[in-house]
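Let's take a relaxed walk through a protein model together. Have the sequence and the 3D view open as you read.

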Amino acid sequence: MTTRLADIAAQAGVSEATVSRVLNGKPGVAATTRQSVLAALDVLGYERPVRLRQRSEGLVGLITPELENPIFPALAQVIGQALTRQGYTPVLATQTPGGSTEDELTEMLVDRGVAGIIYVSGLHADTTADMQRYDRLRAQGVPYVLVDGFSSKVQAPFISPDDRAAMSLAVTHLVSLGHQRIGLALGPKRFVPVQRKIEGFVRTMQDQLGLGAEAVETELVQHSLYTLEGGQAATTALIERNCTAVVCASDMMALGAIRAARQLGLDVPKDISVVGFDDSPLIAFTDPPLTTIRKPVPAMGQAAVRTLLEEIGGTPAPHSEFVFMPELVVRGSTASAPGDRGRS
């Protein structure tokens, strides 16, 4: 107990006696000081005494795709922490292959009386999906926010990274290293983020290298699955088309790209450069450490919560899209193009 008091006191910047008064519910402590002590408890991972726990304002549903891609747990953690800080209880509902569908998860959450729902990479990102499901949810009086994807047919707030700018950052980086045959490996074309990445990639290849749009999309864009195996298959096809660099639409795909290169006897980055997308947890520790486009997960997650809570509080957000700028993180998987190394 003494060690715990000392830890909390140091974290909160107060005396151990003050911490003791707060934990025991004694009077004579300023509200701001009391809040600092409670925040220190949370940061250090200690449970609050039952009498000091904030009563939940209600449940908020978070529907995500499968959690095998580490970017989704990372986003869920940011959203969950932000909701908890505001007094809400997050309920994570995950889609799995052969498991519950988005509609079934939505129905389950609505039946449990959630105050609102945040969708991550849901059907709102699929241009072939029926968007009326969101109108029906709105008619039931359930506020919601949509992350990663956009539809002009849905009257709701959207939270997105700037996928076009992300591709511009990746291609510009690779062109600066002397690469001219740059491939793009990404998921099925029906998804909005995929379409936007293609737009950004094609435009930057035109601007930087003077290539024709049709030639770029036909020869240098390869659709696959958002998995390690999908990245491997797409990269194998792009290497066969003489690409010296590959931009991948996720870090998982980029790991597959590195595997593809090695199976073909190529070295990354000596023979081929690879760029990922997301900057997922632990991706800096791969072999080689992955150059990637960092998705602004903390900012996006906090914005999703803030926007949803405004809706819950009776201030509906307009039908708009909040777009967050990604960042290029250069590590060890990119280097000068093979034929350009002497000049570099």
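What follows covers the domains, a pair of helices, a pocket and a few unusual spots in the backbone.

Keep in mind from the start that this is a predicted model.

**The domains**

The domain assignment splits the chain into three parts: domain 1 (5-52), domain 2 (58-161 + 296-325) and domain 3 (163-295). Notice that domain 2 is written as two stretches, 58-161 and 296-325. If you go from the C-alpha centre of domain 1 to that of domain 2, you cover 33 Å.

**Two helices that cross**

Now find helix α2 (residues 16-23) and helix α3 (residues 31-44). At what angle do they pack? The angle is about 90 degrees, and the two axes are 10 Å apart. Because angles of 65 to 115 degrees count as roughly perpendicular, α2 is roughly perpendicular to α3. On the α2 side, the contact is made by T18, V19, V22 and L23, while α3 brings in T33, R34, V37, L38 and L41. Sorted by class, the residues of this contact are 6 nonpolar, 2 polar and 1 charged.

**The largest pocket**

Next, look for the largest pocket, which holds about 1,000 Å³ of space. Its lining is made of 37 residues, and those nearest the centre are P65, E66, F72, S121 and Y226. Which classes do the lining residues fall into? There are 17 nonpolar, 8 polar and 12 charged residues. Domain 2 and domain 3 each give at least three residues to this lining.

Several helices and a strand take part too: α4 (71-85), α5 (102-111), α8 (192-209), α10 (228-240) and β9 (273-278) supply at least two lining residues each. The largest share comes from α8, with 3 residues.

**Odd spots in the backbone**

Most peptide bonds are trans, and most residues other than glycine have a negative phi. Here are two peptide bonds that are cis instead.

| Cis peptide bond | Omega |
|---|---|
| V268 to P269 | near 15 degrees |
| D287 to P288 | near -5 degrees |

Where do these prolines sit? P269 is in the loop between α11 (251-263) and β9, and P288 is in the loop between β9 and β10 (291-294).

S121 deserves a second look as well. This residue isn't a glycine, yet its phi is positive, at about 50 degrees. You'll find S121 in the loop between β3 (116-120) and α6 (132-139), and S121 is also one of the residues nearest the centre of the largest pocket.

Notes:
Residues are numbered from 1 along each chain as its sequence is written. This is a predicted model: local features need pLDDT of at least 70, side-chain atom pairs count only at pLDDT 80 or more; totals for chains, interfaces and linings use all residues. Side-chain values use heavy atoms; hydrogens and water are left out. On a 1 Å grid over the protein atoms alone, a cavity is a set of points where a 1.4 Å probe fits but cannot get out, and a pocket is an open set with protein on both sides within 12 Å along at least five of seven lines; lining residues have an atom within 4 Å of a point. Grid points are joined across faces, edges and corners, and a volume is the space filled by probe spheres set on the points. Helices (H or I, at least four residues) and strands (E, at least two) are DSSP runs, numbered from the N terminus. Ala, Val, Leu, Ile, Met, Phe, Trp, Tyr, Cys and Pro count as nonpolar, Asp, Glu, Lys and Arg as charged, and the others, Gly among them, as polar. Domain bounds come from an automatic or database domain assignment. Axes are lines fitted to C-alpha atoms, for helices over the stretch in contact, and angles run from 0 to 180 degrees between N-to-C directions. Angles under 35 degrees count as roughly parallel, over 145 as roughly antiparallel, 65 to 115 as roughly perpendicular and the rest as oblique. Contact means heavy atoms within 4.5 Å.
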